[in-house]
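Trainee: I would like to know how the terms used for a structure are justified. May I ask about them one at a time?

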Amino acid sequence: MEWNSRRSRGSPRQVILFLLCVCVWQSGAESLRYSLAEEMERDSFVGNIAQDLGLTPSQLAARKARVVSEGNQQLFRLNPSTGVLTAKESLDREEICPQSETCTLFFTVFLDNPLELIRGDVVVLDVNDNSPTFPEKEMVLEILETTSPGFRFPLERAQDTDMGSNSLQNYSLGSNSHFSLAIKTRNDGEKYAELVLDRQLDREEQPVLNLLLTATDGGSPPRSGTAQIRIVVLDANDNTPMFSQEVYEVRVAENSPTGQLVMRVTATDPDEGSNGKVQYTFTQISKGSRQLFILNADTGEIRVAGNLDFEEMKKHEMMVRAADGGGLSAHSKVLVEIVDMNDNTPEIQLTSHTASIPEDAPLRTLVALFSVRDRDAGDNGRTECTIEGDVPFTLTPTFDNYYELRTNAALDRETTAEYNISIRATDWGPQRLSSRQSLWVQVSDVNDNAPAFSQELYSMWVTENNSPMVRIGSVQASDADAGSNARVQYALVREEGEEQPAVSVSSESGDVYVVRSLDYERVRALEVWVSAADGGWPALSARALLRVLVRDENDNAPVVLHPGAESGAGAGELVPRWAPAGYLVAKVVAVDADAGQNAWLSYELAKATEPGLFRLGPHSGELRTARAVAERDAPRHRLVVLVRDRGQPPRSASATLAIALLHDFSDAHVRLSQDAPPAEPDDTLTLYLIACLACVSALCLATGLAALLMKLRRDRRKQAEPLPTFPTAVAESDAGSLPRSLVYDVCLATGTLSSDFHFLGPLLPCFPAGMPPVMAPQRSSMCSQEASSLVEGSDCTTQVRNRIGP
């Protein structure tokens with residue numbers, strides 16, 4: 001085993017092979033040549049590819065070096081760790097190259113990163129492992145005793161499957177007194193022997209002669225084979241058969257059926273009887289040709305007996321012997337040329353295949369490398385390759401019928417996750433034959449799709465006073481990617497410094513939980529952003545708005561604003577004795593912190609001193625007289641008002657109203673003083689009131705002086721000092737829904753004594769006898785102004801609201 005870079009010598013075929021190798025080397029590819037003797041043991045050393053290419057074994061391993069033999073059988077193995085090329089099994093040159101003088105096995109070394117193809121060949125050297133053999137162990141020759149000396153008799157040729165000097169080199173004949181041996185060489189260089197008659201035979205002296213024929217090859221040591229020649233001496237026959245042609249040539253298609261006539265050879269003999277009857281036999285025919293053709297001994301017809309294959313043997317050469325009954329014979333050569341037919345489909349041999357490529361692979365990414373081979377010749381062996389279907393791949397021819405499969409468009413795993421690429425190879429024969437190879441290519445996922453929520457806005461409800469960590473729903477996001485790139489995790493989006501929200505989201509399932517109890521009256525809705533991030537790198541995310549709406553519960557009882565609870569035993573209301581039916585006594589004002597029907601309030605009288613005198617509006621809360629007040633009615637009344645909401649279960653609150661029936665408002669002080677409990681003085685409140693009054697007085701004084709100076713400067717007219725203003729008759733109030741023109745306030749401080757309530761002057765009854773009813777509103781306004789002057793500067797803790805009815 002040696003590295004050979006020498007020029008080929010010898011036969012013209014070796015010269016042509018050398019020129020082809022030089023052309024390949026000049027085209028830019030390195031060429032490796034090795035030799036290996038046949039019949040070597042398995043895993044025998046062929047050559048060191050790493051050393052011959054100038055690469056280290058680690059570089060070979062990094063570049064994924066591999067060796068692919070030409071043909072269907074892989075005969076060599078490359079050890080990537082050492083770079084040594086070895087034979088996978090023992091090689092038999094006679095079996096691998098039965099018809100070739102030189103046996104050369106071609107292989108290709110493939111290197112990745114970058115892709116590089118290096119051609120190489122291994123010459124299988126012949127060893128002398130086969131002895132010459134004769135087709136028949138005994139050859140019988142019938143020779144007339146009248147045959148003249150010098151006549152030649154062709155003998156069966158010995159076969160030796162070895163080549164070169166190891167092939168058949170010489171014939172020798174055993175010692176005898178009648179025959180010698182002449183060695184001849186055919187056009188193809190093969191040698192054969194002819195038996196030469198040296199001395200005339202005499203049947204009466206010796207009717208049968210036995211000779212030993214030995215065939216010897218040129219090996220070291222030489223091998224030989226023998227055959228017996230049995231010569232039968234016949235009586236005289238003066239005419240020998242004669243063929244119509246010395247050489248017969250014919251062309252036969254390789255797909256000819258068994259039994260088809262190839263040709264007919266004809267030989268004639270003018271003798272009569274058995275001496276003129278000609279019999280045909282094959283002589284000097286190879287073993288392979290003998291199995292493919294059959295000769296009719298009587299007619300000379302040669303027919304097909306086996307499967308003719310142009311790819312195995314293109315020409316057959318044989319000798320036909322015509323012998324008459326008297327032992328005379330003649331020979332003729334038959335040449336059969338096999339015509340190639342398109343009977344072989346192209347063969348696709350995969351060299352390299354990438355089963356999975358990422359979907360973001362760039363254009364022209366190499367997916368597979370393969371070769372196409374057609375054993376036919378001419379156009380029958382010319383091939384082309386195409387891809388079936390609409391796929392984002394293309395074929396690029398390289399050299400020596402090699403093709404590259406590359407991508408020619410962007411890949412998207414979410415659209416197509418895998419491709420079944422069908423490659424069809426078709427020859428150019430008259431009836432075109434094709435073969436198909438399927439390649440599965442899986443598109444691996446990259447994180448190119450962000451999660452997508454099923455909704456941009458998720459609205460969920462939770463009832464207030466909920467238990468902590470109650471599930472109220474879920475958010476869902478999907479990712480078109482696969483594997484970890486499609487694994488979605490959820491989280492709440494929080495700004496820096498923002499407090500922990502009242503909701504949480506499960507990172508795996510997207511379930512939404514309320515982490516603490518909510519109060520509808522404090523928080524009616526929550527809005528947070530939820531993010532969904534995938535598991536890719538870098539991670540992609542999306543957002544959706546989560547709105548949590550708090551559903552109200554009837555957890556708040558109504559609160560009565562008027563009358564207030566600070567009045568103690570109840571708020572006092574003054575009703576004149578002349579009040580007609582429908583007279584507005586008071587308005588009960590209540591609120592409920594709940595919402596909806598939980599805040600719809602209804603009013604009812606729970607208890608009344610005289611039930612028939614007053615009625616309460618169920619929806620407005622207005623307390624009115626049910627009939628005209630009579631003199632017989634008690635001067636004081638105590639009413640308990642019940643305020644109820646419409647929740648389930650309903651909640652309620654109550655308030656107490658104390659009503660005094662008066663003939664005149666002048667005794668209001670006495671009545672209210674009698675009803676009101678004594679109040680404890682509040683020194684702090686008094687101090688605050690004095691300070692406020694001082695500030696207001698100073699501000700009023702400064703404002704008045706400024707206004708006076710401005711007027712004096714502008715018109716220099718004398719202005720009278722402005723009169724002090726009194727509080728407005730109708731105070732601003734947000735309680736109740738009465739028209740402002742009919743509302744007036746009477747304010748009495750809690751715990752007011754009789755010495756704290758004074759009239760500016762004598763008060764007349766608000767409604768003197770004989771006043772017509774139409775003057776009642778004007779009189780009421782006067783009474784209102786008088787009442788306002790009585791309480792100027794007092795603390796309004798008890799309010800009485802009256803309206804003069806028609």
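Trainee: Which residue in strand 41 stands opposite valine 528?

Mentor: Leucine 546 stands opposite valine 528. Keep in mind that this is a predicted model.

Trainee: What makes strand 40 and strand 41 count as a pair?

Mentor: A pair needs at least two bridges between the strands. Strand 40, residues 525-533, and strand 41, residues 541-551, are joined by nine bridges, so they meet the rule. The two strands run antiparallel.

Trainee: Where do these two strands sit in their sheet?

Mentor: The sheet is open, has four strands and follows the order 34-41-40-37, with mixed pairing. Strand 34 (457-463) and strand 37 (489-493) are called edge strands because each pairs on one side only. From one strand to the next, the twist averages 30°.

Trainee: How do you know that strand 3 pairs with strand 6?

Mentor: Three bridges join strand 3 to strand 6, residues 84-87. The rule asks for at least two, so the strands count as paired. Their direction is antiparallel, and phenylalanine 45 stands opposite threonine 86 in strand 6.

Trainee: Why are strand 3 and strand 5 said to stand at the edges?

Mentor: Their sheet is open, with three strands in the order 3-6-5 and antiparallel pairing. Strand 3 (45-48) and strand 5 (76-79) each have a single partner strand, so one side of each is left without a neighbour in the sheet. The twist here averages 25° from one strand to the next.

Trainee: What holds strands of a sheet together in general?

Mentor: They pair through backbone hydrogen bonds, either parallel or antiparallel.

Trainee: Why is the link between cysteine 97 and cysteine 103 called a disulfide?

Mentor: The sulfur atoms must lie within 2.5 Å. Here the S to S distance is 2.1 Å, so the pair qualifies. By this rule the count comes to one disulfide. The link is right-handed, with 55° about the S-S bond.

Trainee: Are these two cysteines buried or exposed?

Mentor: Buried means under 20% relative accessible area. Cysteine 97 has 9% and cysteine 103 has 1%, so both count as buried. Cysteine 385, at 14%, is buried by that cut-off too.

Trainee: How much of the protein chain counts as buried?

Mentor: Of its 806 residues, 41% count as buried. The protein chain has eight helices and 52 strands.

Terms used. Residues are numbered from 1 along each chain as its sequence is written. This is a predicted model: local features need pLDDT of at least 70, side-chain atom pairs count only at pLDDT 80 or more; totals for chains, interfaces and linings use all residues. Side-chain values use heavy atoms; hydrogens and water are left out. Buried means under 20% relative accessible area, exposed over 50%, partly exposed in between (1.4 Å probe, protein chains only). Axes are lines fitted to C-alpha atoms, for helices over the stretch in contact, and angles run from 0 to 180 degrees between N-to-C directions.
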